[in-house]
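Here are my notes for you, written as numbered points. Have the structure open while you read.

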Amino acid sequence: MNKENEVKEKGLETKPVQFYIDADLKKRLKTYCVVHDENMTSVLTKVLDTFLVSEGY
């Protein structure tokens, strides 16, 4: 199950977020997403969630 379906099934509200990253980081993220057949939103959501949980939030 992909993250978008998981979010919809849980009934979670989503909000758009905009931020800037350097070109190299974006290129590496995009490459990761292509290789692992994921989209940037799901990858960034997982990374942010993992970080926030590790910090106690």
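The points below go from the overall fold to the helices, the salt bridges and a pocket.

1. First, a word on what you're looking at: this is a predicted model. The protein has 3 helices and 0 strands, and from the N terminus on the elements run α-α-α.

2. How much of the chain is buried? Of the 57 residues, 9% count as buried. The protein exposes about 5,400 Å², and carbon and sulfur atoms supply 57% of that area.

3. On to α2, which covers residues 23-35. With 13 residues, α2 reaches 18 Å from its first C-alpha to its last, close to the 18 Å expected at 1.5 Å a residue. At its start, have a look at D22: a side-chain oxygen there comes to within 3.1 Å of the backbone nitrogen of D24. After the helix comes D37, whose phi is positive, near 50°.

4. Now α3, residues 40-54. This helix has 15 residues and spans 21 Å from first C-alpha to last, again close to what is expected at 1.5 Å a residue, namely 21 Å. Which residue caps the N-terminal end of α3? That's N39, with a side-chain oxygen 3.1 Å from the backbone nitrogen of T41. Following α3 is G56, and its phi is positive, near 90°.

5. A search of the whole structure turns up 3 salt bridges, so let me take them one by one, starting with D24 and R28. Their side chains meet at 3.2 Å, N to O. Why does this pair fit along a helix? D24 and R28 sit 4 residues apart in helix α2, which separates them by about one helical turn. An α-helix has 3.6 residues a turn, so residues three or four places apart point the same way. As for exposure, D24 is partly exposed, with a relative accessible area of 45%, whereas R28 counts as exposed at 52%. The cut-off for exposed is over 50%.

6. The next salt bridge joins the side chains of E13 and K15, at 3.1 Å from N to O. Are these two buried or exposed? E13 is exposed, with a relative accessible area of 66%, and K15 counts as exposed too, at 62%.

7. Then there's K46, which forms a salt bridge with E38. The closest N and O atoms of this pair are 2.8 Å apart. K46 counts as partly exposed at 39% relative accessibility, and E38 is also partly exposed, at 28%. If you're following along on the model, K46 falls within the residue range of α3.

8. Last, the second largest pocket. What is its volume? About 160 Å³. The lining is made up of F19, I21, L25, R28, L29, Y32, V43, L44, V47 and L48. Both α2 and α3 supply at least two residues each to that lining. You'll recognise R28 in the list: its side chain is the one that meets D24 in a salt bridge.

Definitions and conventions
Residues numbered from 1 in each chain as written. Predicted model: local features only at pLDDT ≥ 70, side-chain atom pairs only at ≥ 80, totals over all residues. Heavy atoms only, no water. Buried < 20%, exposed > 50% of the residue type's maximum accessible area, 1.4 Å probe, protein only. Areas by Shrake-Rupley, 256 points an atom, 1.4 Å probe, with all protein chains shown as cover. Expected span 1.5 Å × (residues − 1). Polar contact = N/O pair within 3.5 Å; in protein donor to acceptor, adjacent residues only side chain to side chain. Salt bridge = Lys/Arg side-chain N within 4 Å of Asp/Glu carboxyl O. 1 Å grid on protein atoms, 1.4 Å probe; cavity = no way out; pocket = protein on both sides within 12 Å on 5 of 7 lines; lining within 4 Å. Points joined across faces, edges and corners; volume = space filled by probe spheres on them.
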